[in-house]
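Colleague: Please walk me through this one before I start drawing figures. I'll ask as I go.

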Amino acid sequence: MTIYKYPLTSNKIKYALPLGVKFLDIQVQRAIPCMWFEVDLSKDKEDRLFCLIPTGVEFDDTGMHYLGTFQEEETFVMHLYEEIRQ
């Protein structure tokens, strides 16, 4: 296993992650929100879609899984969700 960082450069982003990854955390590093996962690079990959939702914004949570919350620039509070394939 290896821990890898995946930056969130937009409010909706897709990554091809190895099967069976374990989400560890979301934090801001050098002004960029980043996700950390424990991964096994020998596994096949699958596309995963992540979304950032600001506090106070309505959204449809159907098929969404909450992963974490972080503060951005001490002004905004953002919430990380993953769209789960049905």
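Modeller: One bit of naming first: strands carry the letter E, are DSSP runs of at least two residues, and are numbered from the N terminus. Also, keep in mind that this is a predicted model.

Colleague: OK, let's start with the loop, then. Where is Arg30?

Modeller: Arg30 sits in the loop between strand E3 (22-29) and E4. Its phi is near 50 degrees, which is a positive value in a residue other than glycine.

Colleague: Why does a positive phi catch your eye?

Modeller: Because most residues other than glycine have a negative phi.

Colleague: And what is the phi of Ala31?

Modeller: Near 70 degrees, so that's a positive value in a non-glycine residue as well. Ala31 is also in the loop between E3 and E4.

Colleague: Are those two buried or exposed?

Modeller: Arg30 is exposed, with a relative accessible area of 74%. Ala31 counts as exposed too, at 62% relative accessibility.

Colleague: Switching to the sheet. What's the strand order?

Modeller: E2-E5-E7-E6, an open sheet of four strands with antiparallel pairing. From one strand to the next, the twist averages 30 degrees.

Colleague: Which strands stand at the edges?

Modeller: E2 and E6. Each has a single partner strand, so one side of each has no neighbour in the sheet.

Colleague: How many bridges join E2 to E5?

Modeller: Seven, and the two strands run antiparallel. If you want a landmark there, Leu17 stands opposite Glu46 in E5.

Colleague: What about E6 and E7, how many bridges there?

Modeller: Eight, again in the antiparallel sense. Gln71 has Val77 in E7 as its bridge partner. The two strands form a hairpin with three residues between them, and Glu73 in the turn has a positive phi of about 55 degrees.

Colleague: Now the inside. Which residues touch the most other members in the largest nonpolar core?

Modeller: Leu8, Met35, Phe37, Phe50 and Leu80, out of 16 residues in that core. Strands that each supply at least two of its residues are E2 (12-18), E4 (32-39), E5 (45-54), E6 (64-72) and E7.

Colleague: Stay on Phe50 for a second. What is Phe50 in contact with?

Modeller: Leaving aside neighbours within four places in sequence, the list includes Leu8, Met35, Phe37 and Leu80. Also among the contacts of Phe50 are Asn11, Lys12, Ile13, Leu67 and Glu82.

Colleague: Glu82 next to a core Phe? Is Glu82 buried or exposed?

Modeller: Glu82 counts as buried, because its relative accessibility is 6% and the cut-off for buried is under 20%. Glu82 lies in strand E7 (residues 76-83).

Colleague: So what does its side chain pair with?

Modeller: Arg48: a polar contact of 2.4 Å joins the two side chains. Beyond four places in sequence, Glu82 touches Arg48, Leu49, Phe50, Gly63, Met64, His65 and Leu67.

Colleague: And where is Arg48, and is it buried or exposed?

Modeller: Arg48 is in strand E5 and is buried, with a relative accessible area of 15%. Apart from Glu82, its contacts outside four places in sequence include Ile13, Lys14, Tyr15, Leu17 and Val21.

Colleague: Different topic: how many disulfides are there?

Modeller: Zero, from a search of the whole structure. Cys34 is in no disulfide, and the nearest cysteine sulfur, that of Cys51, is 17 Å away. Cys51 is in no disulfide either, with the sulfur of Cys34 as its nearest at 17 Å.

Colleague: Are those cysteines buried or exposed?

Modeller: Cys34 is buried, with a relative accessible area of 3%. Cys51 counts as buried as well, at 5% relative accessibility.

Colleague: Last one, Pro54. Where is it, and what does it touch?

Modeller: Pro54 is in strand E5. Not counting residues up to four places away in sequence, Pro54 touches Val77, Met78 and His79. At 27% relative accessibility, Pro54 counts as partly exposed.

Colleague: How many residues apart are Pro54 and Asn11 in sequence, and how many Å in space?

Modeller: They are 43 residues apart in sequence and 9.3 Å apart in space, going C-alpha to C-alpha.

Colleague: Great, that's enough for the figures.

Definitions and conventions: Residues numbered from 1 in each chain as written. Predicted model: local features only at pLDDT ≥ 70, side-chain atom pairs only at ≥ 80, totals over all residues. Heavy atoms only, no water. Buried < 20%, exposed > 50% of the residue type's maximum accessible area, 1.4 Å probe, protein only. Polar contact = N/O pair within 3.5 Å; in protein donor to acceptor, adjacent residues only side chain to side chain. Contact = heavy atoms within 4.5 Å. Disulfide = S-S within 2.5 Å. Core = buried A, V, L, I, M, F, W, Y, C linked by side-chain atoms within 4.5 Å. Pairing = 2+ DSSP bridges. Axes fitted to C-alpha atoms, helices over the stretch in contact; angles between N-to-C directions.
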